[in-house]
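Here are a few exercises to work through with the model open beside you. Try each task before reading its solution.

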Amino acid sequence: MSSRYRSIVDVHVLLRRADGHILLMERAGTGYADGLLCPPSGHLEAGESVTAGAVRELAEETGVDVREDDLHFVHVVHHRNGRDDPRIGFFFVADRWQGPPVNREPHKCARLLWADPTDPPPDTVPYTAAALARIASHQPFALDGWGE
């Protein structure tokens with residue numbers, strides 16, 4: 001009997017200012033991609049929808065409040081990096097939110113910065129950079145790390 005495939009589900013929120021720049025966070029002290037940039041993101045918890053998880057992660061990491069219906073789906077990627085379990089990442093854009101973004105997890109984040117998503121900094125997590133390139137090309141789906 002074959003085992004049922006299970007995957008980690010990640011949610012990413014691209015807070016987008018009026019000038020088009022998105023919020024990125026420099027990872028620190030997590031053991032994964034430390035020193036690299038990514039948007040506010042995290043894993044789903046049991047029984048949580050992708051939009052509820054995105055709202056929760058954004059609030060936990062940045063203090064920003066966004067309503068689920070203000071999240072706009074832009075991309076999903078099925079990612080594998082060879083070192084850990086494959087994951088499925090959902091990317092949402094939020095153009096409206098309440099409160100200024102702050103670093104609420106300094107033990108996991110060294111700094112916040114705004115960046116052009118069409119030209120992300122070279123120290124962006126490769127998984128994120130690949131998704132941003134596809135989002136800029138209006139591609140809603142990608143495989144990453146599967147030898148495609």
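Before starting, one cut-off: a residue is buried under 20% relative accessible area, exposed over 50%, and partly exposed in between. Keep in mind, too, that this is a predicted model. Its mean pLDDT is 93, and 97% of the residues reach 70 or more.

**Exercise 1. Find the aromatic pairs and place two of them in the fold.**

Task: work out which elements the pair of phenylalanine 73 and phenylalanine 92 ties together, then do the same for phenylalanine 91 and tyrosine 127.

Solution:
- Step 1. Search the whole structure, and four aromatic pairs turn up.
- Step 2. Take phenylalanine 73 with phenylalanine 92: the centres are 6.2 Å apart and the planes make an angle of 70°, so the pair is edge-to-face, as planes over 60 degrees apart count that way.
- Step 3. Place the two rings. Phenylalanine 73 sits in strand S5 (residues 71-79) and phenylalanine 92 in strand S6, so their pairing links parts 19 residues apart in sequence.
- Step 4. Check accessibility. Phenylalanine 73 has a relative accessible area of 45%, so it's partly exposed, whereas phenylalanine 92, at 5%, is buried.
- Step 5. Now the pair of phenylalanine 91 and tyrosine 127, also edge-to-face, with 6.3 Å from centre to centre and 85° between the planes. Phenylalanine 91 belongs to strand S6 and tyrosine 127 to helix H2, so this pair bridges parts 36 residues apart in sequence. Both residues are buried.
- Step 6. Finish with the cluster: Phe73, Phe90 and Phe92 group together as one.

**Exercise 2. Map the polar contacts around aspartate 10.**

Task: which side chains make polar contacts with the side chain of aspartate 10?

Solution:
- Step 1. Locate aspartate 10 in strand S1 (residues 8-15). With 5% relative accessibility, this residue is buried.
- Step 2. List the contacts. The aspartate 10 side chain has a polar contact of 3.3 Å with that of histidine 43, and another of 3.2 Å with that of arginine 87.
- Step 3. Close the triangle: the side chains of arginine 87 and histidine 43 are themselves joined by a polar contact of 3.1 Å.
- Step 4. Look at arginine 87, which is in strand S6 (residues 87-94). Arginine 87 is buried too, at 11%.
- Step 5. Look a bit wider. Tyr127 is among the residues touching aspartate 10, and Tyr127 also touches arginine 87.

**Exercise 3. Take apart the nonpolar cores.**

Task: which element gives the largest share of the largest nonpolar core?

Solution:
- Step 1. Start with the count: this core has 17 residues, and Leu14, Leu24 and Phe91 have the most contacts inside it.
- Step 2. Note the elements giving two or more residues: strands S2 (22-27), S3 (37-38), S6 and S7 (109-115), plus helix H2 (126-136).
- Step 3. Pick the top contributor, which is H2 with four residues.
- Step 4. Separate off the second core, which has 11 residues, including Ala54, Leu71, Phe92 and Ala94.

**Exercise 4. Look for disulfides.**

Task: why is there no bond between the sulfurs of cysteine 38 and cysteine 109?

Solution:
- Step 1. Search everything: zero disulfides.
- Step 2. Check the distance. The cysteine sulfur closest to that of cysteine 38 is in cysteine 109, and at 8.1 Å that's too far for a bond.
- Step 3. Check burial: cysteine 38 is buried at 7%, and cysteine 109 is buried at 4%.

Conventions:
Residues numbered from 1 in each chain as written. Predicted model: local features only at pLDDT ≥ 70, side-chain atom pairs only at ≥ 80, totals over all residues. Heavy atoms only, no water. Buried < 20%, exposed > 50% of the residue type's maximum accessible area, 1.4 Å probe, protein only. Contact = heavy atoms within 4.5 Å. Polar contact = N/O pair within 3.5 Å; in protein donor to acceptor, adjacent residues only side chain to side chain. Disulfide = S-S within 2.5 Å. Core = buried A, V, L, I, M, F, W, Y, C linked by side-chain atoms within 4.5 Å. pLDDT = per-residue confidence, 0-100. Phe/Tyr/Trp six-rings, centres within 6.5 Å; stacked < 30°, edge-to-face > 60°. Lists of a residue's contacts leave out its neighbours within four places in sequence.
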